[in-house]
Amino acid sequence: MEWNRKDLLGLEDLTKEEIKLILDTTESFKEISTREIKKVPALRGKTIANLFFEPSTRTRISFELAEKRLSADVVNFSASTSSLSKGETFIDTAKNIEAMKIDCVVIRHSSSGASYMLSKKLNASVINAGDGTHEHPTQALLDMFTIREKKGGLEGLKVAIVGDIRHSRVARSNIWGMRKMGIDVRICGPKTLLPVDIEKTGAKVFYHIEHAIKHVDVIMALRIQKERQGQSYFPSIREYSKFYGLTSERLKYAKGDVLIMHPGPINRGVEIMPEVADGPYSVILEQVTNGLAVRMAVLYLVMGSKTKEVSA
């Protein structure tokens with residue numbers, strides 16, 4: 001099949017076939033980063049603007065590297081030094097940047113729906129690099145790619161997502177995407193950190209981590225997002241860690257070949273213990289490596305490249 005969308009805004013509205021196309025295309029791009037010259041001409045002549053209105057290390061660098069390895073021209077935007085500080089609106093800023101004839105915008109914003117709104121205002125393609133507590137599609141795609149690479153497939157696997165589900169755009173994108181790919185998704189955390197009506201997504205809800213991770217193939221720990229919490233959702237970090245922290249002892253409940261994942265950044269000793277984060281089951285750094293290939297694939301597909309030939 002061919003990619004026929006102008007934008008990538010989330011996984012909720014993608015089909016199973018479209019998700020599979022992105023994962024399959026990623027296979028072609030992963031090898032490029034192992035070459036001596038890590039570059040192909042797939043997007044030569046295209047210009048991409050990275051509009052990051054929130055702090056980011058992994059995602060911003062991953063997108064920028066992906067763009068450069070596809071030979072695109074790259075423009076980076078910093079909200080703190082832009083005309084936003086002079087009162088210009090978010091949309092006006094984006095439209096002025098588009099007027100310089102860019103082809104694609106990669107946007108991260110603290111407001112849910114910001115990427116959707118931008119996609120309706122711009123002719124350029126829009127890729128959501130994380131919007132509020134809504135979606136983070138490329139993170140979920142790299143998570144699924146890593147699982148598929150390690151397990152040989154996705155259908156029928158059991159995945160437990162543990163932690164601050166309420167504020168996690170990663171969790172939402174993963175639930176939408178994984179459910180479509182036939183994965184049994186379990187979510188676990190204090191009741192105060194689980195969104196209302198989350199069961200409607202098809203994910204199974206657990207309040208005890210030992211029950212959630214029993215016989216699962218993958219455990220994904222999530223960071224406690226204090227910056228998004230206007231109030232305290234649990235008595236103390238120490239108590240949260242006691243009841244929901246991922247320890248070596250708790251891993252015994254999962255399958256013997258369980259994968260340990262985390263979207264980062266990690267709060268060591270809170271949601272995951274150092275011996276687990278750095279242990280033999282951890283694929284956390286492989287997630288980062290695969291993120292680059294996934295973003296190359298997404299950029300390539302969204303910007304209208306029809307051929308599957310990616311080599312120089």
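How far apart are the end C-alpha atoms of helix 6, and what should its 12 residues span at 1.5 Å a residue? In this predicted model, helix 6 covers residues 169-180, and its end C-alpha atoms lie 17 Å apart. The expected span is 16 Å, so the two values agree.

The surroundings of helix 6 come next. Nine of its 12 residues are buried, which means that the helix is largely enclosed by the rest of the structure. The buried set opens with Arg169, Val170, Ala171, Arg172, Ser173, Asn174 and Ile175, and also takes in Gly177 and Met178. Both arginines, Arg169 and Arg172, therefore count as buried here, with under 20% relative accessible area.

The two ends of the helix each offer a local detail. At the start, Ser168 places a side-chain oxygen within 3.3 Å of the backbone nitrogen of Val170, a residue that is itself buried. Just after the helix, Gly182 adopts a positive phi of about 85 degrees.

Helix 6 belongs to a chain with 10 helices and nine strands. For 312 residues, a compact globule would have a radius of gyration near 20 Å; the chain has 19 Å, so it agrees with that expectation. Along the principal axes, the C-alpha atoms fill a box of roughly 55 × 45 × 35 Å.

Burial and contacts complete the picture. Across the chain, 55% of the 312 residues count as buried. Among contacts with a separation of 6 or more, 74% come from residues 24 or more positions apart. The exposed area of the chain is about 13800 Å², with 52% of it supplied by carbon and sulfur atoms.

Methods:
Residues are numbered from 1 along each chain as its sequence is written. This is a predicted model: local features need pLDDT of at least 70, side-chain atom pairs count only at pLDDT 80 or more; totals for chains, interfaces and linings use all residues. Side-chain values use heavy atoms; hydrogens and water are left out. Helices (H or I, at least four residues) and strands (E, at least two) are DSSP runs, numbered from the N terminus. The expected span of a helix is 1.5 Å times one less than its number of residues. Buried means under 20% relative accessible area, exposed over 50%, partly exposed in between (1.4 Å probe, protein chains only). A polar contact is a pair of N or O atoms within 3.5 Å; within protein, one must be able to donate a hydrogen and the other to accept it, and residues adjacent in sequence count only if both atoms are side-chain atoms. The radius of gyration is taken over C-alpha atoms; the globule rule is 2.2 Å times the number of residues to the power 0.38. Contact means heavy atoms within 4.5 Å. Accessible areas come from the Shrake-Rupley method with a 1.4 Å probe; for residues, only the protein chains shown count as cover.
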